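This report covers two kinds of side-chain contact, aromatic pairs and salt bridges. The sequence and the structure come first.

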Amino acid sequence: MQKLSFWILIGLILPLPACLSTIMGTKDSRSEAYKIPEPGADWEPIDPGEADRAYRNRLDQAILNVSSVCGEARYKPLEELSTDILKQLPEHEVVDAPKSAMVGGHPALITEARGQVDGKPLNVRIGVVRTDTCLYDFILAGPKLDSSSRMAFDRSLQGFQERAAR
């Protein structure tokens, strides 16, 4: 039963990055011009679905995915983008006030929330980064986010680098 709940959870989490492109209109392209560090030794790559990349933590079964959308100018405030992503999490509540940050020299907003999916708790951390040409979202989600998942999210987000277009 626990494995079934886990796969249901994955099915609900992986579509979240696609929501950003849906909210923003047609997804012109994904970025090929960025890099992030791998989340760590206890993480394994999984099918990213609509995201650019996705990983699962073997310790707490959390999922970390990263997606990008590039193309036409995108001027929605980061707060609104984060709120739009969180609308996909039923019965959610923001845990702390969203935190502004600079990530790779670009403005970012980090939001933490919790909600319920089929009566099961789901904790989520979202990092939305805006560059001159693209939007990137980092989503960490799981029933319980242990310190290894939180550190992997922070490491991936803070290690984000967008390469200049050639």
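Rings of Phe, Tyr and Trp count as a pair if their centres lie within 6.5 Å, with planes over 60 degrees apart classed as edge-to-face. The model discussed here is predicted.

**Aromatic pairs**

The structure holds four aromatic pairs. One of them joins Phe-138 and Phe-160, whose ring centres are 6.1 Å apart and whose planes make an angle of 85 degrees. This pair is edge-to-face, because an angle over 60 degrees falls in that class. The two residues are 22 positions apart and belong to distant parts of the chain. Phe-138 lies in strand β9, residues 134-142, while Phe-160 sits in the loop between α4 (147-158) and β10 (161-162).

Both rings belong to buried residues: Phe-138 has a relative accessible area of 0%, and Phe-160 has 1%. Phe-138 and Phe-160 are also part of one aromatic cluster, together with Tyr-34 and Tyr-136.

**Salt bridges**

Side chains of opposite charge can pair when their charged atoms come close. With a cut-off of 4 Å between a Lys or Arg side-chain nitrogen and an Asp or Glu carboxyl oxygen, the count comes to ten salt bridges. The table lists three, among them two that share Asp-84.

| Acidic residue | Basic residue | N to O distance |
|---|---|---|
| Asp-84 | Lys-76 | 2.7 Å |
| Asp-84 | Lys-87 | 3.5 Å |
| Asp-154 | Arg-125 | 3.3 Å |

How exposed are the residues around Asp-84? Asp-84 itself is buried, with a relative accessible area of 8%. Its partner Lys-76 is partly exposed at 21%, and its partner Lys-87 is exposed at 56%. Lys-87 is classed as exposed because its value is over 50%, and Asp-84 is classed as buried because its value is under 20%. Lys-76, Glu-80, Asp-84 and Lys-87 are linked in a network of salt bridges.

The closest N and O atoms of Asp-154 and Arg-125 are 3.3 Å apart. This salt bridge links distant parts of the chain, the residues being 29 positions apart. Asp-154 is in helix α4, and Arg-125 is in strand β8, residues 120-130. Asp-154 is partly exposed, with a relative accessible area of 34%, whereas Arg-125 is buried at 11%.

Definitions and conventions:
Residues are numbered from 1 along each chain as its sequence is written. This is a predicted model: local features need pLDDT of at least 70, side-chain atom pairs count only at pLDDT 80 or more; totals for chains, interfaces and linings use all residues. Side-chain values use heavy atoms; hydrogens and water are left out. Rings of Phe, Tyr and Trp (its six-membered ring) pair if their centres lie within 6.5 Å; planes under 30 degrees apart count as stacked, over 60 as edge-to-face and the rest as tilted. Helices (H or I, at least four residues) and strands (E, at least two) are DSSP runs, numbered from the N terminus. Buried means under 20% relative accessible area, exposed over 50%, partly exposed in between (1.4 Å probe, protein chains only).
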